[in-house]
Amino acid sequence: MDIDLRWGGDPNIVLEVDTPVGNIPIQLKDLQVFTVVRVIFHLAEEMPCISALLVALLSEPKPRIDYTLKAVGGSLTGLPGISDMIDDTVESIVTDTLQWPHRIVVPMGGTAVDASEFELKPEGRLTVTVVRANDLKNLEMIGKSDPYAVVHIRPRFKVKTKTIDNNLSPVWNETFELIAEDRETQGLTVEVFDKDIGQDQRLGIAKVRLSELEPEKPKEVNLRLLVSLDTLKVKDKKDRGTCTIKLLYHLFSKEEQLAALEEEKRILEARKEMKEAGVIESTADAVDASASGSSTTTGGSGIMGSVGRELSKAGKFMGRTITGHSKRIE
């Protein structure tokens, strides 16, 4: 059952953002959500005849989340780019925890059911080699940009290449392995950033749908970098350069799927240890190949609760210097 959902409320969510000039509280209010929710009923013979519900947001039409941002005791005009950063954070949360193939499993009682059977599971492994970029846009006043690439299937689990200094056509030739849960609906996102003192700037972004890949057949793709994947927001039509990647998709056997689940747990623990050791500031940070060679997954529960909880854990997102933690005030 696909349900047209429109939800509006006035939660009082305050994000505490660390900046070079100190902590600045940003209030998020007047939250509205417009989306289509898919509900899958798992039927049973005994009353109430439904043993579990699977709930997820559909990617098409794209979920729309509106809200108002206000700097507590100040003005957002003094924080250029902050609105776009928070927009990216909210979109990442929704995509990574609530949008199909990610789902919320709701046991309904009656017939006993193993909820783990309905939860998201690894389907395959994508091997990505980030080869090079060409003719990147130069954002430096003196010299050239210092680019690095970030790749991910799920926004909260990213890996990155090394930084190539002072080069608009960098060669990386770095390989990563990412886990996919649904080749038909997921895609690989490639972002290129300029490493800088203060705020790293995104030079361009592109996406490849995994459904375009044939299992076990290597494919080389030359991606045209865009300012944003949301073409309605793109005002700068100038060329941003290209990024060349090599892809190989492997479909898991049952044994490999179980092994991938164990590997996900290991990587999650490794990320937590890296955060505690100060290597990364958030378990959602992109890490290089020497720290983590693969991407992993986690689940979520409660649509509005997930947005609130994940906002409170947002921390640092790759390519930005917003490194602080956030909190929710009831």
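**Entry 1: Leu188 and its surroundings**

I began with Leu188 and set aside its neighbours within four places in sequence. Leu188 is then in contact with Leu126, Val128, Val151, His152, Ile153, Leu178, Ala206, Lys207, Val208, Leu210, Ile245 and Leu247. I note here that the model is a predicted one.

I next looked up the core to which this residue belongs. Leu188 is among the residues with the most contacts inside the largest nonpolar core, alongside Leu126, Val130, Val151, Trp172, Ile245 and Leu247. That core has 29 residues. I then asked which strands each supply at least two residues of this core. They are E7 (124–134), E8 (147–152), E10 (171–180), E11 (187–194), E12 (201–209), E13 (219–224) and E14 (242–251). I also recorded a second, separate core of 13 residues, with Val17, Ile24, Tyr67 and Val90 among them.

**Entry 2: Strand E8**

I turned to E8, one of the strands that contribute to the largest core. How many of its residues are buried? I found six of six, so E8 is mostly covered. I then examined the direction of the side chains. Pro147, Ala149 and Val151 point one way from the strand, while Tyr148, Val150 and His152 point the other way. Both sets are buried.

For the pairing of E8, I looked up its partners. E8 and E11 run antiparallel and are joined by six bridges; in this pair, Ala149 stands opposite Val192 of E11. E8 is also antiparallel to E9 (residues 159–160), with two bridges between them. Here I found Val151 opposite Val159 of E9. E8 and E9 form a hairpin, and six residues lie between the two strands. I note that Val151 thus appears in three of my searches: as a contact of Leu188, as a well-connected member of the largest core and opposite Val159.

**Entry 3: Salt bridges**

I counted seven salt bridges and examined several, including the one between Glu191 and Arg202. The closest N and O atoms of this pair are 2.9 Å apart. Where do the two residues lie? Glu191 is in strand E11 and Arg202 in strand E12, 11 residues apart, and the pair links distant parts of the chain. I checked the accessibility of both. Glu191 is buried, because its relative accessible area of 5% falls under the 20% limit. Arg202 has a relative accessible area of 25% and is partly exposed.

I also looked up Asp66 and Arg64, whose side chains meet in a salt bridge at 2.7 Å, N to O. Asp66 counts as partly exposed at 25% relative accessibility. Arg64 counts as partly exposed as well, at 46%.

**Entry 4: Helix H2 and the annotated region**

A further salt bridge joins the side chains of Glu263 and Arg266, at 2.6 Å from N to O. I found both residues in helix H2 (residues 254–276), three residues apart, which is about one turn of the helix. Glu263 is partly exposed, with a relative accessible area of 33%. Arg266 counts as partly exposed at 47%.

I then consulted the record for this part of the chain. The unreviewed UniProt entry carries the annotation "coiled-coil region" for residues 251–278. I compared that span with the model: it is 82% helix and 4% strand. Its end C-alpha atoms lie 35 Å apart.

Key
Residues are numbered from 1 along each chain as its sequence is written. This is a predicted model: local features need pLDDT of at least 70, side-chain atom pairs count only at pLDDT 80 or more; totals for chains, interfaces and linings use all residues. Side-chain values use heavy atoms; hydrogens and water are left out. A nonpolar core is a set of buried Ala, Val, Leu, Ile, Met, Phe, Trp, Tyr and Cys residues joined through side-chain atoms within 4.5 Å. Buried means under 20% relative accessible area, exposed over 50%, partly exposed in between (1.4 Å probe, protein chains only). Contact means heavy atoms within 4.5 Å. A salt bridge is a side-chain nitrogen of Lys or Arg within 4 Å of a carboxyl oxygen of Asp or Glu. UniProt positions are given in the numbering used here, feature names are shortened, and annotations may be inferred rather than shown by experiment. Two strands pair if DSSP finds at least two bridges between them.
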